[in-house]
Amino acid sequence: MTGAGAPAGTDWRPTGSTRLAAVIGDPVRHSLSPVLHNAGFRALGLDWVYVAFEVGAGGVAAAVAGARALGVAGLNVTMPHKAAVAAAVDRLTPAAEALGAVNTVVRAGGELVGDNTDGEGFVASLVADHGFEVGGRRCLVVGAGGAARAVTWALAGAGAAEVVVVARRHEQAAAAASLAGGVGTVGSAEDAGRADLVVNATPIGMGHTGACAPHLPVDPTLLGAGQLVVDLVYDPLTTPFVAAARARGALAANGLGMLLHQAALAFRLWTGDEAPIDVMSSAVTDHLTRGTEVLT
Ligand code: NAP
């Protein structure tokens, strides 16, 4: 464990030896990462602090160089800089290499190592929150962007029997499906009816509450009992897709599980400590239910 020895709870104050972690993105002002990581640092009495830096287009290489020069101990990366950071670090883990995207930077010796905990965090949340083991399951992912790619890659890595990718642009869908190797295919939304797990990895439904088209990525009449539906969106907490899937008898959850578990993996990589997920989860839920505007 590094940076330990600070008092737990509200007595903590930054000092000359406080370690810094940060997220870079644009926009980043409404990121939940400072909320959950600072809650984790305080709960474990770690002398760390986490802040958000808005980095504009073209500023990524300078931001990474600045983080290196300042000795920033841990970095998260959010939209739209995940690919640019992959090009700016010294080395990539296999996950970041496969996805061409970095969401977490770790210092190892003199090097900055780019990792990607999004997919592993998603799979960890399925197990932790729903007891859902991916091995042998039929999965369907709607979307072919960064989140869909991470989820598709991780589902295949966790032993899914099939990962069907559904997207409005065939080329992007095929590229995402290829990340699942032999179990990845391009399909259509109708395939949701025979999937054990259905994931919305598009922004469809974000900021909306009405559980009807056009705020649903899949026709909910295809869904039912025995299926797990995960909407990576979590604003609102009960998304239109979650509400519609529950109304059909499916088990459904928003994207907070993935957010928490990708953060917990980063937390452990930086500090060497297991993240206090329950504390971090409560901090985020409190923050959101206070009505704060959120962007993912
Ligand atoms: P992204 O890279 O921009 O990809 C978005 C994908 O959704 C693309 O395939 C896009 O298709 C598709 N899409 C967008 N609007 C659509 C529409 N109206 N109909 C059909 N397809 C549509 O974004 P991302 O980073 O993957 O994020 C996707 C969602 O996941 C966002 O809501 C984000 O907030 C959420 N997310 C959550 C977490 C978490 O921890 N819970 C982590 C990452 C992302 P085109 O390319 O054709 O536009």
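A cavity is a set of grid points where a 1.4 Å probe fits but from which the probe cannot get out, and its volume is the space filled by probe spheres set on those points. In this predicted model, the structure holds one cavity of 30 Å³ or more. The space in the largest cavity amounts to about 60 Å³.

The lining of the largest cavity draws on several parts of the chain. Helix α2 (60-70), strand β3 (74-77) and strand β5 (104-108) each contribute at least two residues to this lining. Among the lining residues are V64, A67 and R68, together with V72, A73, G74 and L75. V105, V106, R107 and L112 also line the largest cavity. By character, the lining comprises eight nonpolar residues, one polar residue and two charged residues.

A second region of interest is centred on strand β7. Of the five residues of β7 (residues 138-142), four are buried, that is, under 20% relative accessible area; the strand is therefore largely enclosed by the rest of the structure.

The pairing of β7 may be followed strand by strand. With β8 (residues 162-166), β7 runs parallel, and five bridges join the two. Within this pairing, V141 has V165 of β8 as its bridge partner. Helix α6 (residues 146-157) combines with β7 and β8 in a right-handed β-α-β unit. β7 also pairs with strand β10 (residues 197-200), again in the parallel sense, over four bridges. Here the bridge partner of V142 is N200 in β10. Strand β7 thus has parallel pairings with β8 and with β10.

Definitions and conventions
Residues numbered from 1 in each chain as written. Predicted model: local features only at pLDDT ≥ 70, side-chain atom pairs only at ≥ 80, totals over all residues. Heavy atoms only, no water. 1 Å grid on protein atoms, 1.4 Å probe; cavity = no way out; pocket = protein on both sides within 12 Å on 5 of 7 lines; lining within 4 Å. Nonpolar A, V, L, I, M, F, W, Y, C, P; charged D, E, K, R; others polar. Buried < 20%, exposed > 50% of the residue type's maximum accessible area, 1.4 Å probe, protein only. Pairing = 2+ DSSP bridges. Right-handed = clockwise from strand over helix to strand, strands pointing away.
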